[in-house]
Amino acid sequence: MKKEVILPFPKFDERNERNPKANMEEIPVRPGMLFRIGRPSNLYYEFVYASLHFDRHKLSDLKKLLQFQGIEVQVVSILKMKDGSTIASLSRTDGKTFSETVTKLFADISKSIRAKELLG
């Protein structure tokens, strides 16, 4: 009797429908595009940020982001990061600021759209 190796997460074939990379299509995001802030993908937003200083983020800052759910935002600019990811700078369409300290939000484009934190 041969011993069979059991893999906890078998590797999917490229043509398999369950492979998320096969079904994922990149949406070209340009400055001026309108989005709506969706629901957080976890307890808090994972891919929408109040600032790009990740070492300064606090739990209270993450809780403040929850009040912006459903607000319509516009892409102001797109930033290319060293690791290859693209970050969108977002502002409100009504011209108001998000809060006293937050004038713009930042979102990792591909991850936030995939997690439905940004809705097109």
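**Group meeting talk: a six-stranded sheet in a predicted model**

Let me begin with a single residue, Lys111, which at 39% relative accessibility counts as partly exposed; on this scale buried means under 20% relative accessible area, exposed means over 50%, and partly exposed is what lies in between, with a 1.4 Å probe and protein chains only. Lys111 is found in helix H3, residues 109-114, and its C-alpha atom is separated by 8.9 Å from that of Glu46, although the two are 65 residues apart along the chain.

Before going further, I should say that this is a predicted model, in which local features need pLDDT of at least 70 and side-chain atom pairs count only at pLDDT 80 or more, while totals for chains, interfaces and linings use all residues. Residues are numbered from 1 along each chain as its sequence is written, and side-chain values use heavy atoms, with hydrogens and water left out.

pLDDT is the predictor's confidence in each residue, from 0 to 100; its mean for the protein is 82, and 79% of the residues reach 70 or more. Over residues 13-24, however, pLDDT stays under 50, and for that stretch the model has seven contacts beyond four places in sequence, where contact means heavy atoms within 4.5 Å.

Now to the overall layout. The protein has three helices and six strands, and read along the sequence they follow the pattern α-β-β-α-β-β-β-α-β; helices (H or I, at least four residues) and strands (E, at least two) are DSSP runs, numbered from the N terminus. Of the 120 residues, 27% count as buried.

How are the strands of the open sheet ordered? The six strands have the order E2-E5-E4-E3-E1-E6, with antiparallel pairing. E2 and strand E6 (118-119) stand at the edges, each with a single partner strand, so one side of each is left without a neighbour in the sheet. Two strands are said to pair if DSSP finds at least two bridges between them, and in general the strands of a sheet pair through backbone hydrogen bonds, either parallel or antiparallel.

Let us walk through part of that order. Strand E2, residues 48-49, pairs with E5 in the antiparallel sense over two bridges, and Tyr49 stands opposite Phe106 in E5. On to the next pair: strand E4, residues 86-92, and E5 are antiparallel and share four bridges, with Asp108 in E5 as the bridge partner of Ile87. Strand E3, residues 72-80, is joined to E4 by seven bridges, again antiparallel, and there Lys80 has Thr86 in E4 as its bridge partner.

Is strand E5 covered on one face or on both? Both faces of E5 (residues 105-108) are covered, since Leu105 and Ala107 on one side and Phe106 and Asp108 on the other are all buried. This fits a general point, that in a regular strand the side chains alternate between the two faces of the sheet.

In strand E4 we find Ser89, which is buried, with a relative accessible area of 3%. Leaving aside neighbours within four places in sequence, Ser89 is in contact with Gln74, Val75, Val76, Ser77, Lys104, Leu105 and Phe106.

Finally, a word on contacts across the whole chain: among those between residues at least 6 apart in sequence, 56% join residues at least 24 apart.
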